[in-house]
Amino acid sequence: IMSIFGEVPQAAPVAVFKLTADFREDQNPRKVNLGVGAYRTDECQPWVLPVVRKVEKMIADDHSLNHEYLPILGLPEFRSSSSKIALGEDSPAIKDNRVGAVQCLGGTGALKIGAEFLRRWYNGTDNTKTPVYVSAPTWENHNAVFSNAGFEDIRPYKYWDAGKRGLDLEGFLGDLESAPDHSIFVLHACAHNPTGTDPTQDQWKQIADVMMRKSLFAFFDSAYQGFASGNLDKDAWAVRYFVSQGFELFCAQSFSKNFGLYNERVGNLTVVAKDQDNLNRVLSQMEKIVRITWSNPPSQGARLVAITLNTPELFAEWKDNVKTMADRVLLMRAQLKEKLKALGTPGTWEHITEQIGMFSFTGLNPKQVEYLVKEKHIYLMASGRINMCGLTTKNIDYVAESIHEAVTTVQ
Amino acid sequence: MALLKSTKILTSVGAQAHFLAVLQLRASWSLRNVQMSRGFSISWWTEVQMGPPDPILGVTEAFKRDTNPKKMNLGVGAYRDDQGKPFVLSCVRKAEAQIAAKKLDKEYLPIGGLAEFSKACSQLALGPDNEVLKSGRSITIQTISGTGSLRVGANFVSRFHNASRDVYLPKPSWGNHTPIFRDAGMQLKAYSYYDPKTCGFDFKGALHDISKIPEKSVIVLHACAHNPTGVDPRPEQWKEMAALIKKRNLLVFFDMAYQGFASGDIDRDAWAVRDFIEQGHNILLSQSFAKNMGLYGERVGGFTVVCKDVEEAKRVESQLKILIRPIYSNPPMNGARIASTILNTPELYKEWLVEVKDMADRIITMREMFVSNLKKEGSTHNWQHVTEQIGMFCFTGLKPEQVERLIKEFSIYMTKDGRISVAGVTSANVGYLAHAIHAVTK
């Protein structure tokens, strides 16, 4: 019998998940997973935030709660408190009633709804030819989110300077200048994935200037707020600056990392519009998009985050938990750099402590990466990206030595 | 910049209107750009239209505003107990307690979801001894409830079923089916289903229409408890449809949102799905646990593709993951973990079967009380369809003007098509409902 799916080709596995699968199968006792972006403790264990356990229990003990459908746009107290986190409690835009939000399935879901909306309603209607710019490099799923939403022209903007292992500001600004007006730019709010390299405040100002002048659309991806520097406000500076300059923008927020709620898919698409009327129309259309994608979002994670953000003692405890994670990452950065320097590993390693957030672009080339994976059982992305959370005081010496070997023996 | 897409010769009025609309939009965008460059404070979103209000939501909004103490909300598509309250199943509470005690981590699920859930989900639908499951020639993934499942399925069909762009829905169907398939790039068509004269199944009409469907088109079937009509084919009618659909070589897409909830028996409710597979249909199947486990807001569902063999199932699985990753990366854990615990723990599973039957029985009882109360009121109409229809919804046969009166004079809220959610009926208000309906239909 002929199958209608006879022609369906085998798709390549998503690289980062394949890496973890390979890691799991590896029997070597020294194996280290520096791949997928999830926080690990110094015992290399997943960490459920203490405040999360606390609030989970509160929810479980509250028998007045049920499992009814949330509204299509999500839990109202989640949406508003999440937007406040991004824009600041005293945000003038919030006071002006021109900020709204859509609860989504993680940061991915927020990007998805934003992308689908833009394709339908931005730069004309259904203008799939609007260029969408993503940083070179960027999170590997950005491209697919926008192309699946129907955008036909997805382009890189210069970002990572491999030579100097830092931001290619000149290239970035150049690409902004040469972009067609109204192009969409996906900006990492902080802790750029995968490079860990963020513009300085001054550099953000220059970026914003060009974007305003050329009417470029700012679509922020904020997956690490609080996790990058340990300070929520500091990590949100860029988004807030753009709002203060009068941009209408989207900010896709994820609570996967900073709340450790990875598998509950907690995200928020914050929408900043010129006024309430525009905002309402935008949200009404986003509602239509949500209805044909997942109807309404999952309840558990949003409840948890809303309770935490809206209860002062819990909010304080959460910030503390976040700082714990951020501090451990900073410690690992410092120690890795020290050890590489002590080993005399060729090259400069300042970027390890200059970069910020969960990831570091080591600068290792694909051959060196392969060496680490195959010979040393140290799993990292082919791009040379490592997840600092995979480092612990127990394995950092092994990793440093292995990197040293890779750099000195593999060209 | 916005580009005109009018490369075809415009002959129709509609096309000309579109052309003008695009011109106007371009003009307004040009004006907008001039204004922007002058620093005028206008918005990107000036041309964004207000989305039309959701018809069902509108019912609930109006209900909320109503101050009549006797008001009834029969629009709600969620189960209510005999006190009119949302119902959290006892097996769900037990499962939650078990899960909490395990202190599990919150690491990402795989793209396809929780494996123990997907396995149990497929076993529930197909029966654990199904040849398909034993041979491994199917793939089931966890999805964002029924909607998410339909959406992934629609995307899959759109991308890989190149033989046809056509999806045939029963007339009528769940309101959200159409925009989901349309947005996925499919064309919507219909086959006769509901007979307003009998408030029952238009079997002849369905067969007639199905016999004309072009080969390889997709046909959507409601596995049980058809939404919105509550009208299901009888087993012998299903058998004839299966044979005809096979003859027409159509791709079958089952939507099963009410397994267990319809008759109270999970095997009986899945009968059509299983029979079609036995007749050789390699079906697509969407499942929801919103209603039968009361897990509405946790978004628990499954999507299944029955394939030719294991190898094909692997290829299909890989492509489903590629489709899902750019939508939401991976699904939420909480609800799937609850459902999986219930399905995989014998005592909880037994308890669930009883609770699902209780919910179904309460609905059936309300249907019976509704009809007997109508008779008591002196109604001479034939209300047989109310007890013949099955599941949460009932197509009363009421006309829009009658619905209007029910809302205005009696504060009884339902959608204009005369659909009521029997779940909103209780032993306390069924008398009032019968009285009101008799008043507007006598």
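## Strand 7 of chain A and the fold of chain B

In this predicted model, A:I184, A:V186 and A:H188 point one way from strand 7 of chain A, while A:F185 and A:L187 point the other way. All are buried, meaning under 20% relative accessible area, with exposed set at over 50%, partly exposed in between, a 1.4 Å probe and protein chains only. In a regular strand, side chains alternate between the two faces of the sheet. Strand 7 of chain A is mostly covered: five of its five residues are buried.

Strands (E, at least two residues) and helices (H or I, at least four) are DSSP runs, numbered from the N terminus. Strands pair if DSSP finds at least two bridges between them.

Strand 7 sits in an open sheet of seven strands of chain A, ordered 2-10-9-8-7-3-4, with mixed pairing. Strand 2 (99-105) and strand 4 (154-158) of chain A are the edges, each pairing on one side only. Neighbouring strands are turned by 25 degrees against each other on average, direction ignored.

Strand 7 (residues 184-188) runs parallel to strand 3 (residues 132-136) of chain A, joined by two bridges. Strand 7 also pairs in the parallel sense with strand 8 of chain A, over five bridges. A:F185 is the bridge partner of A:Y133. In strand 8 of chain A, A:A218 is the bridge partner of A:F185.

Two helices of chain A lie across these strands. Contact means heavy atoms within 4.5 Å. Axes are lines fitted to C-alpha atoms, for helices over the stretch in contact; angles run from 0 to 180 degrees between N-to-C directions.

| Helix of chain A | Lies across | Angle |
|---|---|---|
| Helix 7 (residues 169-178) | strand 4 and strand 7 | about 140 degrees to strand 4 |
| Helix 8 (residues 201-213) | strand 7 and strand 8 (217-222) | about 165 degrees to strand 7 |

Now chain B. Chain B has 17 helices and 13 strands. Its C-alpha trace spans about 70 × 60 × 50 Å along the principal axes. Of its 442 residues, 58% count as buried. Among contacts in chain B between residues at least 6 apart in sequence, 74% join residues at least 24 apart.

The UniProt record, an unreviewed entry, annotates residues 70-437 of chain B as "domain: Aminotransferase class I/classII large". Over residues 70-437, chain B is 47% helix and 15% strand, with end C-alpha atoms 14 Å apart.

Residues are numbered from 1 along each chain as its sequence is written, and chains are lettered from A and ligands numbered from 1 in the order written. Local features need pLDDT of at least 70, side-chain atom pairs count only at pLDDT 80 or more, totals for chains, interfaces and linings use all residues, and side-chain values use heavy atoms, leaving out hydrogens and water.

Terms used
UniProt positions are given in the numbering used here, feature names are shortened, and annotations may be inferred rather than shown by experiment.
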